[in-house]
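These are my notebook entries on a structure that I had not examined before. I set down what I looked up, in the order in which I looked.

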Amino acid sequence: MFQSKKDRQNELEMVTIDELVPDNHLLRKIDHYIDFSFIPEKVRHYYCEDNGRPSLDPLVLFKMMFIGYIYGIRSERELERQIQTNVAYRWFLGLNLTDAVPHHSTISWNRRMRFNETDIFQEVFDEVVHQAMNHRMVSGRVLYTDSTHLKASANKKKFSRKDVHVETADYIDELNEAVEQDRSDHGKKPLKEKKEVNKTKEIKVSHTDPESGYLYREHKPEGFFYLDHRTTDMKFNIITDVHITPGNIHDSKPYLQRLDRQVKRFGFKVEAVGLDAGYLTAPICHGLEQRNVFGVIAHRRYQSKKGFLPKWKYKYDENLDRYVCPQGEALAYATTDREGYRHYKSDPTKCKTCPLLAHCTENQKHQKTITRHVWEGAKEKVRQNRLSNEGKWIYRMRKEKVERSFADSKELHGLRYCRLRGKQKVREQALLTAACQNMKKIALHLDRVS
């Protein structure tokens with residue numbers, strides 16, 4: 001017969017909050033397999049021991065943030081509302097059904113005041129990586145690195161133009177030594193000492209988020225962005241490094257420093273790395289060679305001028321240190337410039353009558369010049385690595401590792417857009433998002449094998 005159950009909500013029931021959370025709930029698995037006891041110890045020195053009002057338990061504070069990043073809740077106000085009505089969230093935080101939920105402003109106050117300009121979020125991320133290592137989910141032998149753009153909270157039409165100082169590359173001293181050695185080997189005089197000149201360039205600076213960078217690349221959205229440079233380990237795709245830069249910084253610039261940080265911080269013995277074409281630069285290839293790392297980097301296509309022969313048509317003879325053109329004529333070494341490029345030039349008397357001259361050079365003296373970096377040998381080794389069976393397998397797995405990690409961050413954890421403004425706050429978002437992704441992987445894997 002017809003019966004209504006609306007009056008049953010007024011009945012009293014004896015139930016515990018633990019009974020209301022399903023046994024297979026994700027937060028149960030995370031709480032069981034992730035050891036959060038390190039958090040109170042790491043933040044203890046940020047609190048006063050004998051003065052002020054009692055603080056919110058820092059473990060509850062961080063667990064609130066973890067919930068927001070695990071489930072992609074982008075607003076802290078919305079996070080507070082979700083916790084009020086979600087029994088599983090309350091259970092994870094250790095709150096009873098009638099306990100008041102901590103106010104959303106507590107999170108922002110701690111971010112602005114207590115944890116401002118600290119490395120606490122980096123320490124939390126590193127500790128989660130260490131726990132993954134303890135569970136043998138990280139090998140540190142093959143690493144994949146890439147970057148993705150995060151939309152800054154800034155209007156791309158509201159900006160001013162500013163001249164900024166161009167920073168000197170961190171490898172410049174090593175390059176200068178290589179140039180001088182190369183010139184000496186070829187019997188050339190040392191270059192005259194160059195007077196220091198402060199190079200500047202004009203950039204767009206956002207009015208709302210000055211620390212973001214204006215991104216303008218082919219096949220990329222245009223506007224103010226940050227770049228999330230991420231490294232994942234091959235074994236279980238655990239994220240091992242996160243680094244934030246403005247959107248106008250090239251992908252390759254911080255790479256070697258971040259690789260060295262992982263080796264130092266986690267003791268990795270890196271054997272191989274997989275990278276996309278943006279990292280195919282002479283300094284990176286040289287750096288990988290120095291570190292005895294098997295680099296696998298995607299091929300970068302260089303478009304030659306329409307109607308002219310591409311550079312690969314000119315073959316380099318390493319034994320004789322010269323290039324040979326398609327007609328069999330030699331291009332001899334001429335000099336090495338300050339930027340580290342050797343110049344190889346042809347004999348204009350022979351080029352003048354060459355049938356391919358119109359497709360070779362527009363030089364009025366009928367002389368073809370080809371440049372080759374002093375570290376080009378390392379770059380060619382990386383190209384050969386990519387063509388080997390091992391290299392093909394490593395690169396084929398890149399889309400399954402770091403690219404999938406980015407996809408999960410954006411689709412499931414709200415990392416497509418920056419929640420807050422400023423590099424430090426975006427860094428917090430990226431680090432905690434990556435830490436939560438790692439927590440999920442650890443918990444789900446251990447639950448599956450237990």
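I call a residue buried when its relative accessible area is under 20%, exposed when over 50% and partly exposed in between, with a 1.4 Å probe and protein chains only. The model is predicted, and local features need pLDDT of at least 70, side-chain atom pairs count only at pLDDT 80 or more, and totals for chains, interfaces and linings use all residues. Residues are numbered from 1 along each chain as its sequence is written, and side-chain values use heavy atoms, with hydrogens and water left out.

Entry on α2. I looked up helix α2 (residues 26-33; helices are DSSP runs of H or I, at least four residues, numbered from the N terminus). Six of its eight residues are buried: Leu 26, Leu 27, Arg 28, Lys 29, Ile 30 and Tyr 33. Their cover includes α1 (17-20), α4, α6 (87-93), α8 (120-134) and α16.

Entry on the core. I then turned to the largest nonpolar core (buried Ala, Val, Leu, Ile, Met, Phe, Trp, Tyr and Cys residues joined through side-chain atoms within 4.5 Å). It has 83 residues, of which Ile 30, Phe 62, Phe 66, Tyr 255 and Ile 297 touch the most other members. Helix α16 (residues 423-449) gives the largest share of this core, 11 residues.

Entry on Phe 66. Which residues does Phe 66 touch, not counting residues up to four places away in sequence? I found Phe 36, Ile 39, Val 124, Leu 432, Cys 436 and Met 439, where contact means heavy atoms within 4.5 Å.

Notes: Helices (H or I, at least four residues) and strands (E, at least two) are DSSP runs, numbered from the N terminus.
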